[in-house]
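Biologist: Mind walking me through this one? I'd like to hear the reasoning behind each label.

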Amino acid sequence: MRTIFHVDMDSFFASCEILRRPELKNEPVIIGGKSERGVVSTANYKAREFGVKSAMSIVRAKELCPEGVYLPPDMKYYKSLSLKIMNILNGFADKFEPISIDEAYLDVTDKLDNISPMILAAKIKKEIYNQTKLTCSIGIAHNKSIAKIASDFEKPNGVTYVKYDEARDFLKDMPIRKISGVGKVTEQQLINLGIKLIGDLASKDRQWVIEKLGKSSLRLWLIANALESSDVAPRESSESYSTEKTFDEDIDDKDLIFEYFKKMCRRVSNELKEDKYLAKTISIKIRYDDFETITRAKTLPFHFNDYKTIFDETLFLFDENYDVSRKIRLVGVKCSNLQQSVEKQTKITDFFDL
Ligand code: TTP
Ligand code: MG
């Protein structure tokens with residue numbers, strides 16, 4: 001039997017904003033598009049009391065909660081916090097699968113020799129809180145789909161442990177849309193067949209479900225019956241470190257472009273080192289004066305975060321690919337295919353052994 005954690009940060013973008021503006025702590029905070037035509041990305045729990053939700057128009061949110069504090073999203077800032085959190089989570093897992101900016105699956109089966117899942121969850125929450133002052137919710141189950149539903153069960157700042165023999169009971173009275181991947185269309189199809197609750201689906205014959213809803217619905221039937229068993233797919237972080245420079249005037253002076261690259265590579269290298277990451281892939285972007293944009297990438301046979309490697313490879317890619325007859329408007333450098341540096345891995349393992 002495996003033990004899977006699903007970790008999801010609480011009202012993530014809003015919590016990040018409150019972190020740097022503590023005076024907003026008791027206010028309804030809504031993160032949304034920059035214009036009145038935008039939609040709500042997220043709202044803190046205080047704002048949710050007014051009925052404000054993700055994907056609602058800002059106009060509607062303002063009707064429901066005129067006294068709310070409305071802020072534009074700052075993805076760069078959220079991403080930097082996300083990286084820190086993913087780094088912490090990765091250190092606690094045998095297998096780690098980041099899913100979005102604020103959630104990840106951890107297979108912790110082999111970490112539980114001397115510790116219960118609830119204690120491990122508390123340790124993870126404490127470490128995230130100590131390093132970021134942010135809270136998360138954790139779902140624990142024998143598979144990914146139930147762990148995900150469980151992390152949502154006692155939000156915010158909750159832990160829900162669904163034991164194997166309680167799993168079907170836990171699911172049975174929940175609406176089918178709680179299953180990840182059931183959108184409006186599938187929900188309506190299921191309702192048309194008289195299936196409203198997860199338990200309704202679970203009690204159907206497997207063959208009947210395939211006949212009525214097609215082969216792909218087998219996944220839903222397995223989830224409803226607590227039988228889903230997909231692996232936590234170990235993935236390297238999908239995040240990247242990058243920087244771009246738009247020149248004040250379009251240029252074709254190679255030496256000058258090199259000088260810009262130097263600065264940019266030093267900056268990317270410093271950021272990687274600061275966050276204790278190593279990259280394996282380097283990419284450059286070139287935008288010409290007519291806005292045509294090319295990107296070229298190279299994956300090296302080793303990991304790196306040093307300035308020299310980044311700069312050498314950037315120049316190599318640039319020399320190989322740029323068209324000398326054209327003027328350049330923008331250049332960019334990106335390091336991706338990240339993994340934690342050994343220094344960081346050791347640190348997290350040490351913490352875990354305490
Ligand atoms: P979620 O984890 O779905 O939401 P959340 O973290 O804000 O709140 P919860 O406590 O319920 O988990 O999404 C993570 C972030 O992704 C969220 O903070 C903002 C962003 N997001 C959008 O930009 N648009 C959306 O429609 C959703 C759902 C999320
Ligand atoms: Mg969240």
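Modeller: Sure, let's start at Ser11, which sits in the loop between β1 and α1; helices (H or I, at least four residues) and strands (E, at least two) are DSSP runs, numbered from the N terminus. Ser11 also has a positive phi of about 30°, although it is not a glycine. This is a predicted model, where local features need pLDDT of at least 70, side-chain atom pairs count only at pLDDT 80 or more, and totals for chains, interfaces and linings use all residues. Residues are numbered from 1 along each chain as written, chains are lettered from A and ligands numbered from 1 in the order written, and side-chain values use heavy atoms, leaving out hydrogens and water.

Biologist: Which residues are the closest to ligand 1?

Modeller: Ser11, Thr42, Tyr45, Arg48 and Asp102, out of 13 that surround ligand 1. To count, a residue needs a heavy atom within 4 Å.

Biologist: What makes the pair between Thr42 and ligand 1 a polar contact?

Modeller: The cut-off is a pair of N or O atoms within 3.5 Å. An N or O atom in the Thr42 side chain is 2.5 Å from a ligand 1 oxygen, so the pair qualifies. Arg48 passes too, with a polar side-chain atom 2.8 Å from an oxygen of ligand 1, and so does Ser41 at 3.3 Å.

Biologist: What is the make-up of the shell around ligand 1?

Modeller: Four nonpolar, four polar and five charged residues. Here Asp, Glu, Lys and Arg count as charged, Ala, Val, Leu, Ile, Met, Phe, Trp, Tyr, Cys and Pro as nonpolar, and the others, Gly among them, as polar.

Biologist: Which elements each supply at least two of the shell residues?

Modeller: β1 (4-9), α1 (12-20), β3 (40-43) and α2 (45-48).

Notes
A polar contact is a pair of N or O atoms within 3.5 Å; within protein, one must be able to donate a hydrogen and the other to accept it, and residues adjacent in sequence count only if both atoms are side-chain atoms.
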